[in-house]
Amino acid sequence: MTDFLTAWTGRAVRTEVLYAANATLADTNDATVLDVLPGVHIQRRHVLLRAGETVVAEAESSVLISSPALEPDVRDQLWNGASLGDALRTLHRRRVCVGIADALGRAPSLAPDGNTAGAPDIARLASGPTGDGDRRILSVHSRLDVGGIPVASVREYILEAVLQNHVVHIPEPKRVAAPGSVG
């Protein structure tokens, strides 16, 4: 998410870990996503993502810090307050989207060609902010895998502040020729 928000805002985005604490996984949805039973030991984390001084997103995660997929130095980094993205950056990792919804809880659907139909209309949101930079406008629930093994369930909330004060940087779409076509 940090890389995505950096590209979106045109500013370096840094992660501020508000807390990371030992806990027991109680969320049955996260247990299903992580393919573990409720009651397993995890590290609960809550972070803010800032573009400059502006908080543009927040995230909550359940990390299976004792997973055999995590190397000992990665576990140490996480226990010492490193961001999850930074700690996993050097590993063979994959992000799997579990769900996405706009501020009203509407999930986009995928059209047969793979394009999103009914995706949150960022241009509409940008044209009519409420002035409340803390309002969540988009939520993304993902699973992070290392070497094919689920290690974290992450819920990220992009805040309206990303749309205010000229923070948003929407790059021109890249045009790519379809496979088999001559461009």
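I take a contact to mean heavy atoms within 4.5 Å. With that settled, I looked at how far along the sequence the contacts reach: residues 24 or more positions apart make up 61% of the contacts in the protein chain with a separation of 6 or more. A reminder to myself: this is a predicted model.

**Entry 1: the overall layout**

I listed the elements and found five helices and eight strands in the protein chain. Read from the N terminus on, their order is α-β-α-β-β-α-α-β-β-β-α-β-β. I then looked up burial, and 38% of the 183 residues of the protein chain count as buried. The protein chain exposes about 10,400 Å², and carbon and sulfur atoms supply 54% of that area.

**Entry 2: the nonpolar cores**

Which residues touch the most other members of the largest nonpolar core? I found Leu5 and Leu88 in that role, within a core of 31 residues. Next I asked which elements supply at least two residues each. The helices on that list are H1 (2–9), H3 (72–79) and H4 (84–88), and the strands are S2 (41–51), S3 (54–63), S7 (136–146) and S8 (149–159). S7 gives the most to this core, with five residues.

I also noted a second, separate core of five residues, with Leu25, Ala31, Leu34 and Leu64 among them.

I went back to Leu5 and checked its partners, leaving out residues up to four places away in sequence. Leu5 touches Gly10, Arg11, Val13, Leu49, Val56, Ala57, Ile158 and Val162.

**Entry 3: helix H1**

Leu5 made me curious about the rest of H1. The buried residues there are Thr2, Leu5, Trp8 and Thr9. They cover an arc of only 125° around the axis, which puts them on the same side of H1. The usual helix geometry is handy here: an α-helix has 3.6 residues a turn, so residues three or four places apart point the same way. What comes right after H1? I found Gly10, whose phi is positive, near 75°.

**Entry 4: S2, S3 and the S8 side**

I moved on to the strands. S2 and S3 run antiparallel and are joined by nine bridges. In this pair, Gln43 stands opposite Val63 in S3. The two strands form a hairpin with two residues between them, and Gly52 in the turn has a positive phi of about 65°.

S3 is mostly covered, since seven of its 10 residues are buried. S3 also pairs with S8, again in the antiparallel sense, over seven bridges. There I picked out Glu60, which stands opposite Arg155 in S8.

**Entry 5: Thr54, a residue of S3**

Is Thr54, which sits in strand S3, buried, partly exposed or exposed? I found a relative accessible area of 21%, so Thr54 is partly exposed; the buried class is under 20%. Thr54 touches Arg11, Leu49 and Ala161, not counting residues up to four places away in sequence. I also checked Thr54 against Val13: they are 41 residues apart along the chain, and their C-alpha atoms are separated by 9.5 Å.

**Entry 6: S7 and its two partners**

Why do I call S7 largely enclosed by the rest of the structure? Nine of the 11 residues of S7 are buried, so the label fits. S4 (93–102) pairs with S7 in the antiparallel sense over nine bridges, and Arg94 stands opposite Asp145 in S7.

S8 is also a partner of S7, antiparallel over 10 bridges. Val146 stands opposite Ile149 in S8. S7 and S8 form a hairpin with two residues between them, and Gly147 in the turn has a positive phi of about 60°.

**Entry 7: two loop residues**

I finished with a look at two loops. Ser67 lies in the loop between S3 and H3. Its relative accessible area is 6%, so Ser67 is buried. Ser67 touches Arg75, Ile149 and Val151, not counting residues up to four places away in sequence.

Thr90 lies in the loop between H4 and S4. With a relative accessible area of 71%, Thr90 is exposed. How far apart in space are Thr90 and Val74? I read off 9.4 Å, C-alpha to C-alpha, for a pair 16 residues apart in sequence.

Technical notes:
Residues are numbered from 1 along each chain as its sequence is written. This is a predicted model: local features need pLDDT of at least 70, side-chain atom pairs count only at pLDDT 80 or more; totals for chains, interfaces and linings use all residues. Side-chain values use heavy atoms; hydrogens and water are left out. A nonpolar core is a set of buried Ala, Val, Leu, Ile, Met, Phe, Trp, Tyr and Cys residues joined through side-chain atoms within 4.5 Å. Buried means under 20% relative accessible area, exposed over 50%, partly exposed in between (1.4 Å probe, protein chains only). Helices (H or I, at least four residues) and strands (E, at least two) are DSSP runs, numbered from the N terminus. Accessible areas come from the Shrake-Rupley method with a 1.4 Å probe; for residues, only the protein chains shown count as cover. The arc is that of the directions from the helix axis to the C-beta atoms. Two strands pair if DSSP finds at least two bridges between them.
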